[in-house]
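Had a look at this one, as you asked. Here are my notes, in no special order of urgency.

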Amino acid sequence: MVVESLDTEMDTAVRVVHLASSLCVKVQEKLRLPSSTNGAHVKSKDDDSPVTVADFGVQAIVSWVLAEVFGAQNLSIVAEEDTDALSKADSLGLLGAVSNAVNEALSEAPKYGLPKPDKPLGLDEILKAISRCNSVGGPKGRHWVLDPVDGTLGFVRGDQYAVALALIENGKVLLGVLGCPNYPVKKECLSNGCNQAMTTKSVAGSVSKGCVMYAKRGSGQAWMQPLIAGGFSESATSLKVSSVDDPVLATVCEPVERANSNHLFTAGLANSMGVRKQPLRVYSMVKYAAIARGDAEVFMKFAQSSYKEKIWDHAAGVVIVEEAGGVVTDAGGRNLDFSKGVYLEGLDRGIIACSGQVLHEKIIGAVYASWESSSL
């Protein structure tokens, strides 16, 4: 069997996530200005979740770059945002801010080894790029999967978030890239396990925090590059998961939001395994990044029964953790199924990601033991 190299896909994905992350850093800085000046940068979607200039801006530039490199004709992109919020009468300010952010970012694309448009993109071209990301995925064919800003609430609050891009072919994740602009590059920056990393605020132009992680399926390797303001780093550091396999010593990550995660069950489960450390509540797929880099050992998410997990919230993180030596399954020990469209259908109770097989088996056993007495 000939294994496809995916060199162009991997290289393009890494570079465009670097570019997208630089856009996010600039937008997040603007969000820290007094509220009277940043109102046009954040809107609420129909489900009351926030959407920002960065969400639309990242989706536009990733879509545009992928279309330039691979051709628009057969390009399938599954992504979170649509243009509904930009089409409302009160969204002219938001659309203008998106246009400015997109064109500023694309003007710097050559610094990242990427193409740039001959002239600034017009509003129609930007809306077209965002709207191009309307695929629903599925079991056949090749699909790019994008979460332009995973953890928008964390982004708005100046906390952790991630730009997540993955490539799925015939239901299998081939590669994943995570841009984590507020995550420190060096472990020496972490004074208390992972906690300082999760609360450190971004500084524009800083090289002490912010990274891009990536991996290709079957390579047995995951990599991290530092984010550099206005440029692309050719250097990369190999990632390896933690060797801790004793739950007593493990650091457990879980979502911040209670709306789509059962903290009570997770706490009971951790207690039953003898976990002593307080859970690390983190926005976004940065939880996967923490495990891949060895800063945490476990990520558990048990959603309320009405909540359905989406593929863009997991695809990139899963392949990075697995290639760094970790294990990711549902709570029944089965691999996550990315072949069913936008949602992770058939998920058994929840998602468990951890740093190794021994720890994973202990968690799965504890889930079965705890489940009967839970209220889920």
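The points below cover the annotated site and one helix.

1. Keep in mind that this is a predicted model. Everything here is computed from it or taken from a record.

2. The UniProt entry, which is unreviewed, puts a "binding site" feature at Glu-80, Asp-147, Asp-150 and Asp-313. These positions are spread over 234 residues of sequence, yet they cluster in space, with a largest C-alpha distance of 9.4 Å.

3. Two of the annotated residues sit in strand E4: Asp-147 is found there, the strand running over residues 142-150, and Asp-150 lies in E4 too.

4. Are these two buried or exposed? Asp-147 has a relative accessible area of 1%, so it is buried, the cut-off being under 20%. Asp-150 comes out at 7%, and therefore also counts as buried.

5. On contacts, leaving aside neighbours within four places in sequence: Asp-147 touches Glu-80 and Asp-313, along with Ala-162, Val-163, Ala-164 and Trp-312. For Asp-150, the list is Tyr-161, Ala-162, Ser-284, Met-285 and Asp-313. Asp-313 and Ala-162 thus turn up for both aspartates.

6. Helix H4 (residues 92-107) passes a simple length check: its 16 residues at 1.5 Å a residue should span 22 Å, and the end C-alpha atoms are 22 Å apart, so the two agree. Buried residues in H4 include Leu-94, Leu-95, Ala-97, Val-98 and Ser-99. Further along, Ala-101, Val-102, Asn-103, Ala-105 and Leu-106 are buried as well.

How values were computed
Residues numbered from 1 in each chain as written. Predicted model: local features only at pLDDT ≥ 70, side-chain atom pairs only at ≥ 80, totals over all residues. Heavy atoms only, no water. UniProt positions renumbered as here; feature names shortened; annotations may be inferred. Helix = DSSP H or I, 4+ residues; strand = E, 2+ residues; numbered from the N terminus. Buried < 20%, exposed > 50% of the residue type's maximum accessible area, 1.4 Å probe, protein only. Contact = heavy atoms within 4.5 Å. Expected span 1.5 Å × (residues − 1).
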